[in-house]
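Student: I have a model open on my screen and would like to know what stands behind the labels people put on it. Walk me through them, please.

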Amino acid sequence: LFFVTINDTMPPKKDPSGAEALRFGRPGNNLKMGIVGLPNVGKSSLFNLLSESTEAAAENYPFCTIDPNTTRCSVPDKRYETLCNIWDPPSKYPAYLHLVDIAGLIKGASEGNGLGNAFLSHIQAVDGIFHVVRAFDDREVTHVDDSIDPVRDLETITSELCKKDLAYVLQQRELREKDVKKNPTMKLPPLFFSVMDKVQTMLESNQPIAKGCEWTAPEVEKINELIPGCITIKPMVYLVNVSFKSYSVGGNRYLKSIKDWVAAHGGGLVIPVSIEFEEKLDALRKAGDLDGEKALLEPLNGRGSILPRIVKCGYKQLKLQYYFTAGEKEVRCWTVACGATAPQAAGVIHTDFEKGFIKLECCSFDDFMACNKGEKSMANVKAQGKYRQEGKNYIVQDGEICHFLFNKAGGGKKK
């Protein structure tokens, strides 16, 4: 069976109080996933498939992408489609995952080889990583190292990312220690040294910071404060690009060694994808060839495109979620960070909503569907006691249908 595999990772330790643990990286609603890998592994082709565009060059030679391409792709969600079908408004806005296609890295990138320093800077600017690994044999598609060895390729990319982070960490440590020497009244806390020592040891061993080590909440906070530009604190999803034949039969001779390598390096999400298959399917759909599409999918025993799952996984890795607003004029998904309070969620619509927040009226999507009987109304939901009122400390949940009440800047109440 060919499926998504999840290996255990070591997240930050939970706060003893039960509060959600801090996470690495910057919080925010407009976060981006970068597509990373060696040259000619399928990054730009995947980018084009996800973005439904052909803006990214996808030629059969290294460094055909130099400047990063950016796009967005809608997050597939049957709940959103259902709300659109019920309300049938003139305006419909799904949630979007923002993507960046980053040029291929090679061995020595951290030392400037292959324009590596510029490309690594592009990776620093994103918030999560899709790491594309080549696991197919094709003499017509050149490999930068002239042979197919996914584990070697994983080692190359990981090594370059760790080297880039190590140089950055040493620089930041030196700057802070110099500041202390200049000012005798300053003193660095013990946590500074313990965290920086641990980070340095991990990077020197080619171990990404976010994986392979249990971090406490204070340590995570200190890392975010001291070295926020580290690449290896970003969440990473491994996309294994296999041949159409491998995808069809549901197996690949490289996949086990890839999974073993990922497990040995802190774990992570491994998703097999066949860009060759996805391009064939995309071409048939664009041509409106229903018979050809049926013939292509029939041998797969119910499996189809993996692209929707990739988009959802990327969105989840960034710790993003969304709530719905629904009505006669518009159905819309509003993206917020997981753990956002009601006022913070309101602020995504407009800053005035957050500043003048009064209360949130909401219900879950499941309650709406169970109560509303297909009607364009919340009346039945309210009648059955499923329509709630929440205050400023409420944590908004994924997929809730929300309505905010707030005070206008000039006084008075507005819904």
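Tutor: Let's start with burial: a residue is buried under 20% relative accessible area, exposed over 50%, and partly exposed in between, using a 1.4 Å probe and protein chains only. By that rule, 49% of the 415 residues in this chain are buried. Keep in mind that the model is predicted: local features need pLDDT of at least 70 and side-chain atom pairs count only at pLDDT 80 or more, while totals for chains, interfaces and linings use all residues. Numbering runs from 1 along each chain as its sequence is written, and side-chain values use heavy atoms, with hydrogens and water left out.

Student: What makes Cys313 buried or exposed?

Tutor: Its relative accessibility is 14%, and the cut-off for buried is under 20%, so Cys313 counts as buried. Cys313 sits in helix H11 (residues 307-317), where the buried residues also include Leu307, Ile310 and Val311. By "helix" I mean a DSSP run of H or I with at least four residues; a strand is a run of E with at least two, and both are numbered from the N terminus. After H11 comes Lys319, with a positive phi near 60 degrees.

Student: How many helices and strands does that give?

Tutor: The chain has 15 helices and 14 strands.

Student: Why is Cys402 not bonded to Cys362?

Tutor: A disulfide needs a pair of cysteine sulfur atoms within 2.5 Å. The sulfur of Cys402 has its closest cysteine sulfur in Cys362, 5.2 Å away, which is too far for a bond. The count for the structure is 0 disulfides. Cys402 has 7% relative accessibility, so it is buried.

Student: How do you know which parts of the model to trust?

Tutor: Look at pLDDT, the predictor's confidence in each residue, from 0 to 100. The chain averages 85, and 85% of the residues score at least 70. Residues 1-11, though, stay under 50, with 39 contacts beyond four places in sequence. Residues 14-19 stay under 50 as well, with 1 such contact. A contact here means heavy atoms within 4.5 Å. Where pLDDT is low, the predicted coordinates should not be read in detail.

Student: What makes the crossing of H1 and H9 left-handed or right-handed?

Tutor: If the near helix is turned anticlockwise from the far one by less than a right angle, the crossing is left-handed; if clockwise, right-handed. H1 passes H9 in a left-handed crossing. The axes of H1 (residues 43-51) and H9 (residues 275-287) come within 10 Å and cross at roughly 35 degrees. Those axes are lines fitted to C-alpha atoms, for helices over the stretch in contact, with angles running from 0 to 180 degrees between N-to-C directions. On the H1 side, Ser45, Leu46 and Leu49 meet Ile275, Glu278, Glu279 and Asp282 in H9.

Student: Why is Asn40 worth a second look at its phi?

Tutor: Asn40 is not a glycine, yet its phi is positive, about 60 degrees. Asn40 lies in the loop between strand S2 (32-36) and H1. With 14% relative accessibility, Asn40 is buried, because that falls under the 20% limit.

Student: And what makes Asn206 buried, exposed or partly exposed?

Tutor: Its relative accessible area is 24%. That lies between 20% and 50%, so Asn206 is partly exposed. Asn206 belongs to the loop between helix H5 (190-204) and helix H6 (217-226), and its phi is also a positive value, near 60 degrees, in a residue other than glycine. Thr158, in helix H4 (residues 150-182), touches Asn206, Pro208 and Trp261, leaving aside residues up to four places away in sequence. Thr158 itself has 6% relative accessibility, so it counts as buried.

Student: What puts Thr201 and Asn30 into their classes?

Tutor: Thr201, in helix H5, has 47% relative accessibility, which means partly exposed. Asn30 has 61%, over the 50% line, so it is exposed. Asn30 is in the loop between strand S1 (5-6) and S2. Its C-alpha is 7.8 Å from that of His98, 68 residues apart in sequence.

Student: How far apart in sequence do contacts reach across the chain?

Tutor: Among contacts between residues at least 6 apart in sequence, 72% join residues at least 24 apart.
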